[in-house]
Amino acid sequence: MLLKFCKFKFTKKISPGKFCRYEIINNNPYSDKKDFNGNSVRYQILQYKENKKGKRMFIYVLNNQYLLTYGEIPKIPPDLKDIELKFISKDECFTITEETLDLYCQWVKYYVYRKIVSYCIKNRYAYDYRVENEHSILLDTPDNKLNIVIKRVIEVDAEVLLDGTAYLSVAIKSEFDSKYNFYKTIQQKKDIKGMTVKCLWQSHGGRYIVQEVHDTAVKDDINGFNLIQHWNKYVPEEIKNIDKNAPVISLYNKKQKRTEYYIPESLYQTFTREDIAKNDKSFSKKVDRYIKLSMQERIEIIQRFLKVLNFKDELIELLPTPIEELGYQSYDMSQELPTLFIANNQRIEFNEKYKAFKQGFYKVPEKTIVAAFMSYDTKARQSYEVVKAVLDFTKGKVNGVRDNRINEKLLSLKFYQSSFHYEKGDMLSYTETAHKIKEAENINFAIAALPIEIDEEEFYKDSVVSPYDSFKYVFADLEIPSQMISLNMMKDIGTDNVFYRLQNIVLGILCKSGEVPWILEKPLDNVDCFIGLDVGTQEKGIYYPACSVCLDGQGNFIGYYSTNVAQKGEKIDTKLLEVIFNNVRVLSN
């Protein structure tokens with residue numbers, strides 16, 4: 001996750017810059033210019049302008065009406081459809097204002113890009129910088145059945161203040177790509193429909209879904225369009241080496257919601273963590289050491305990257321900016337841990353929260369929780385055993401025996417008279433099952449036992465092996481709280497380890513039902529409410545932010561607000577945060 005307070009400060013302030021201004025004139029009367037803001041004009045010019053050395057202009061779309069460039073555009077692509085660029089001014093100075101802050105954020109990222117290009121030209125292309133603001137390094141990958149290579153990707157983001165102070169945020173992620181271009185995959189006569197690929201001849205790093213291999217060769221026109229002529233304008237060196245008799249591939253562009261045609265040798269198949277877990281379990285376990293990094297390891301990797309940017313001058317401080325400078329304050333709760341209230345306003349110390357399971361929770365639902373029980377057909381017996389363990393725990397039993405660590409009336413929970421079944425890997429089955437539960441009488445909760453076949457720590461990531469994400473999304477849409485349980489819990493049934501698993505599961509059921517296990521005896525100083533934010537990873541790398549819970553200053557539940565607006569990565573857009581906080585404020589009034 002990109003922590004907004006983990007920033008690195010530039011040693012010098014940004015000065016107002018001079019840019020060329022072009023007016024975007026649209027000849028299509030039906031357009032509302034959304035394409036301009038989405039940078040389609042910019043990318044077309046970049047693709048046309050790029051050369052084999054990777055040099056790239058700075059081009060920025062201002063107010064959906066102008067292009068700002070650093071230097072004049074030498075030649076405008078002749079095939080900009082329905083668009084004309086009118087030259088307005090050269091070396092126009094843009095002061096740093098609220099309206100131009102984004103311009104200067106992009107300018108900083110462009111500056112970083114140019115520093116990386118300069119370094120790589122002199123250091124044997126140490127980074128792959130073809131995708132803007134993502135600089136990847138190929139890692140030494142173990143042998144694997146899927147012929148996958150692992151890339152460590154350094155993502156950069158920038159923030160510029162009105163006084164010109166600039167910060168760089170750096171995030172680390174991993175990508176998994178095929179060792180070979182997609183032409184080889186086709187030649188192996190694999191079933192390619194539905195595979196995810198990316199085009200390395202583009203500068204924006206988009207992902208596409210494979211639809212079809214056509215009988216038409218890339219040298220021939222398809223629907224009046226010639227791929228070789230098109231790409232020869234952008235990547236002539238690449239075109240020289242392709243097989244011109246290779247078949248045309250059609251891909252689905254989810255962002256633009258349209259089918260597009262590509263040369264297979266421009267494409268590489270991409271894999272998710274779930275694909276690896278499903279197809280090569282041995283390699284899946286080896287992958288962990290590349291992607292599961294401690295905070296110290298992450299900081300060290302980031303600092304090595306920053307040293308590359310500093311290879312001539314000291315441009316960026318190598319230590320993260322203190323949070324106080326960013327307007328935050330730290331609070332060490334361990335210095336003065338608060339007292340808590342549990343059932344009947346009994347006081348316990350902060351580190352005695354386990355006593356709530358014996359003495360009772362601060363607030364439990366007034367009505368019985370009637371839960372729908374879902375199981376995967378071939379794991380019905382195991383599914384029953386894990387949910388029965390949960391039910392027993394709410395009545396003071398562990399492994400079928402009365403346990404004095406638990407209140408016999410801990411939580412009023414029962415299961416619906418009939419169970420519900422689903423088919424793994426079938427989104428339609430997930431949706432149909434969820435709607436059956438919604439239509440059933442008196443059900444107010446859903447519990448699903450999930451057939452996890454990999455290490456427990458990967459449970460929440462595996463949307464292929466597990467329908468976790470799909471169920472969460474569907475039940476959130478239907479406004480039914482839900483709890484997912486991994487069948488890996490089977491290995492702990494009969495041992496004391498299951499006690500701690502069941503504690504967490506029951507706490508989840510309680511809190512999702514709108515109640516609380518304990519509260520603070522008195523609010524913390526200067527705290528009006530607590531807001532819990534999360535960014536849940538959905539299938540295939542889509543992210544949906546949610547304000548998962550809002551509590552008052554003592555910890556009493558107020559309500560929650562969620563949104564189904566997808567985000568690009570684990571960072572919530574500022575405008576969307578405003579929407580979330582405004583809704584939370586309404587809840588708290």
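**Figure 1. Arg405 and Phe499 in the predicted model form a charge-over-ring contact.** The charged end of Arg405 is placed over the ring of Phe499, at 3.7 Å from the ring centre. A contact of this kind also involves Lys184, which lies over the face of Tyr180 at 3.8 Å from the centre of the ring.

**Figure 2. A salt bridge joins Asp492 and Arg501.** The closest N and O atoms of Asp492 and Arg501 are 2.5 Å apart. Asp492 is buried, as is Arg501.

**Figure 3. Salt bridges with shared partners create one network.** The residues joined in this way are Glu134, Lys151, Glu155, Lys173, Glu175, Asp177, Lys198 and Arg207. The structure as a whole holds 25 salt bridges.

**Figure 4. Lys7 and Glu159 are paired through a salt bridge between their side chains.** The N to O distance of this pair is 2.0 Å. Because Lys7 belongs to strand E1 (residues 7-9) and Glu159 to strand E7 (residues 148-160), the salt bridge ties together parts that are 152 residues apart in sequence. Lys7 has a relative accessible area of 6% and is therefore buried. Glu159, with a relative accessible area of 28%, is partly exposed.

**Figure 5. Glu237 and Lys240 form a salt bridge within helix H6.** Their closest N and O atoms are separated by 3.3 Å. Both residues lie in helix H6 (residues 236-240), and because they are 3 residues apart there, about one helical turn separates them. Glu237 is partly exposed, at a relative accessible area of 37%, whereas Lys240 is exposed, at 58%.

**Figure 6. Tyr113 and Tyr129 make an edge-to-face aromatic pair.** The structure holds 22 aromatic pairs. In the pair shown here, the ring centres of Tyr113 and Tyr129 are 6.0 Å apart and the ring planes stand at 80°, so the arrangement is edge-to-face. Tyr113 lies in helix H3 (residues 101-122), while Tyr129 lies in the loop between H3 and strand E6 (134-138); the pair therefore ties together parts that are 16 residues apart in sequence. Tyr113 is buried, with a relative accessible area of 3%. Tyr129 also counts as buried, at 6% relative accessibility.

**Figure 7. Ring pairs link Tyr113 and Tyr129 into a cluster with further aromatic residues.** Besides these two tyrosines, the cluster includes Phe19, Phe58, Tyr70, Phe94, Tyr104, Trp107 and Tyr110.

Key:
Residues numbered from 1 in each chain as written. Predicted model: local features only at pLDDT ≥ 70, side-chain atom pairs only at ≥ 80, totals over all residues. Heavy atoms only, no water. Salt bridge = Lys/Arg side-chain N within 4 Å of Asp/Glu carboxyl O. Helix = DSSP H or I, 4+ residues; strand = E, 2+ residues; numbered from the N terminus. Buried < 20%, exposed > 50% of the residue type's maximum accessible area, 1.4 Å probe, protein only. Phe/Tyr/Trp six-rings, centres within 6.5 Å; stacked < 30°, edge-to-face > 60°. Lys NZ or Arg CZ within 6 Å of the ring centre and 35° of its normal.
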